[in-house]
Amino acid sequence: MEVYTATLPRIPVAVVGATGAVGQKAIALLEHHPRLKVTQLVSSNAKTGRRYGEAVNWREELPLPNDVADLILSSADEVTCPVAISALPATVAETVELALTERGIHVCSNAAAFRMDPTVPILIPEVNLEHLSLLSKQQHSGKLITNPNCVVAVLAPVLAPVLEITSVRHVSVITLQALSGAGYAGMDALDGTATVIPCIEGEVEKIERETRKILDCPDLPITTQVHRVPVRHGHMVAVQVHYHTVVHPAEVVEAVRKQAERYPHSYAMYSEPSLPQPVQCLDDQDMRIHIGGIRQGGNGDTIAFVALGHNLVRGAAGAAIANLEAAIDANILEVVQE
């Protein structure tokens with residue numbers, strides 16, 4: 001594998017859907033990336049032709065880089081980069097992402113539009129890297145890789161080692177999802193009247209079917225309840241795994257610890273009962289999954305835990321970038337450097 005340094009040319013990347021929450025996060029994450037460089041930005045037709053710095057309401061902690069601010073927003077059919085990070089809504093992605101791949105542009109997508117296509121991987125590199133083999137079944141020269149729903153991005157990497165301990169009867173998932181999962185409109189609702197909303201349209205179905213696909217467990221019994229909570233960033237899942245036999249917390253801790261040793265930058269484990277928490281544990285570019293509260297319940301055949309991740313990083317833009325890196329490292333995608 002080639003070792004990248006600051007002196008080697010970086011791969012030009014287009015960010016599609018550049019003015020929204022996920023698009024802005026992708027730009028911030030890529031600003032100091034050693035291998036990838038943002039050179040094109042795509043927006044809706046209403047904003048094309050404008051300078052990015054004038055068209056965007058920049059919300060990231062990182063100041064808007066001058067070279068990015070000076071980029072002129074283009075339409076999707078003007079993209080010339082070999083790869084694109086797509087932060088489009090699913091209804092738009094259905095058309096735009098397909099058109100990009102038809103033109104030979106590789107797309108790493110945060111959208112749900114193609115996740116359940118049997119030729120498209122829902123990739124989490126720590127869990128199912130072998131699913132990149134699905135790309136060989138895609139018809140176009142440009143390949144499409146999706147990252148999962150923002151909750152699944154936190155849930156599946158912990159379930160993967162936990163399910164391998166012994167056979168499972170049922171998995172119960174309760175989500176506590178940050179307002180930024182609803183975009184900037186959601187974050188703007190964070191005020192004194194904020195409440196808990198026990199419904200997010202379509203979310204239960206996404207979580208259950210995507211988890212099954214990623215883990216190659218099509219018959220895994222999952223029950224999910226979802227909630228929008230008055231937190232700016234950070235999706236938390238409270239999970240109960242019901243086994244057929246007694247399982248001790250130490251077995252689960254060991255299974256997750258081994259996974260964390262393989263991917264030390266992807267997992268953080270806590271023994272303190274009050275952790276993890278979004279404000280205390282997450283940073284602005286945090287790709288880690290934070291795990292705590294591992295305990296035994298029921299008749300000894302149930303294990304409970306909580307997991308937390310940054311929904312705009314691990315659950316969205318950072319996941320798409322990680323998938324692009326994984327595909328390049330596996331020599332799956334042919335890309336041209338600057």
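**Figure 1. I124, a buried residue in a loop.** In this predicted model, I124 is buried, with a relative accessible area of 2%. Here, buried means under 20% relative accessible area, exposed means over 50%, and partly exposed lies in between, using a 1.4 Å probe and protein chains only. I124 sits in the loop between strand 4 (106-109) and helix 5 (125-128). Helices (H or I, at least four residues) and strands (E, at least two) are DSSP runs, numbered from the N terminus. Which residues is I124 in contact with, once its neighbours within four places in sequence are left aside? They are L129, P148, V152, A153, A156, P157, I214, R314 and N323, where contact means heavy atoms within 4.5 Å. If you would like a distance to try on screen, the C-alpha atoms of I124 and H242 are separated by 24 Å, and the two residues are 118 apart along the chain.

A short note on how to read these views: residues are numbered from 1 along each chain as its sequence is written, and side-chain values use heavy atoms, with hydrogens and water left out. As the model is predicted, local features need pLDDT of at least 70 and side-chain atom pairs count only at pLDDT 80 or more, while totals for chains, interfaces and linings use all residues.

**Figure 2. Helix 6 and its packing against helix 9.** Helix 6 is mostly covered, with 12 of its 12 residues buried; among them are V152, A153, A156 and P157, which also appear in the contact list of I124. Helix 6 (residues 152-163) packs against helix 9 (residues 249-262) at an angle of about 120°, and their axes are 9 Å apart. The axes are lines fitted to C-alpha atoms, for helices over the stretch in contact, and angles run from 0 to 180 degrees between N-to-C directions. That angle makes helix 6 oblique to helix 9: angles under 35 degrees count as roughly parallel, over 145 as roughly antiparallel, 65 to 115 as roughly perpendicular, and the rest as oblique. Helix 6 passes helix 9 in a right-handed crossing. A crossing is right-handed if the near helix is turned clockwise from the far one by less than a right angle, and left-handed if anticlockwise. From helix 6, the contact is made by P157, V158, P161 and V162, and from helix 9 by V252, A255, V256 and Q259. By class, this contact has seven nonpolar, one polar and no charged residues. Ala, Val, Leu, Ile, Met, Phe, Trp, Tyr, Cys and Pro count as nonpolar, Asp, Glu, Lys and Arg as charged, and the others, Gly among them, as polar.

**Figure 3. Helix 1 against helix 11.** Helix 1 (residues 21-30) packs with helix 11 at an angle of about 55°, their axes 9 Å apart. That makes helix 1 oblique to helix 11, and the crossing is right-handed. On the helix 1 side you will find V22, K25, A26, L29 and L30, which meet V313, A316, A317, G318 and I321 in helix 11. The residues of this contact divide into eight nonpolar, one polar and one charged.

**Figure 4. H310, just ahead of helix 11.** H310 lies in the loop between strand 11 (302-309) and helix 11 (313-329). Is H310 buried or exposed? H310 is buried, with a relative accessible area of 2%. Not counting residues up to four places away in sequence, H310 touches K25, H233, G234, L282, D283, D284, D286 and G315. K25 may look familiar, as this residue of helix 1 also meets helix 11.

**Figure 5. Three spots of backbone geometry.** The peptide bond from L275 to P276 is cis, with omega near 10°. P276 is found in the loop between strand 9 (267-269) and helix 10 (278-281). D216 is not a glycine, yet has a positive phi of about 55°. D216 belongs to the loop between helix 8 (203-214) and strand 7 (222-225), and is exposed, with a relative accessible area of 51%. N331, in the segment after helix 11, also has a positive phi, of about 60°, although it is not a glycine. N331 is exposed, with a relative accessible area of 68%.
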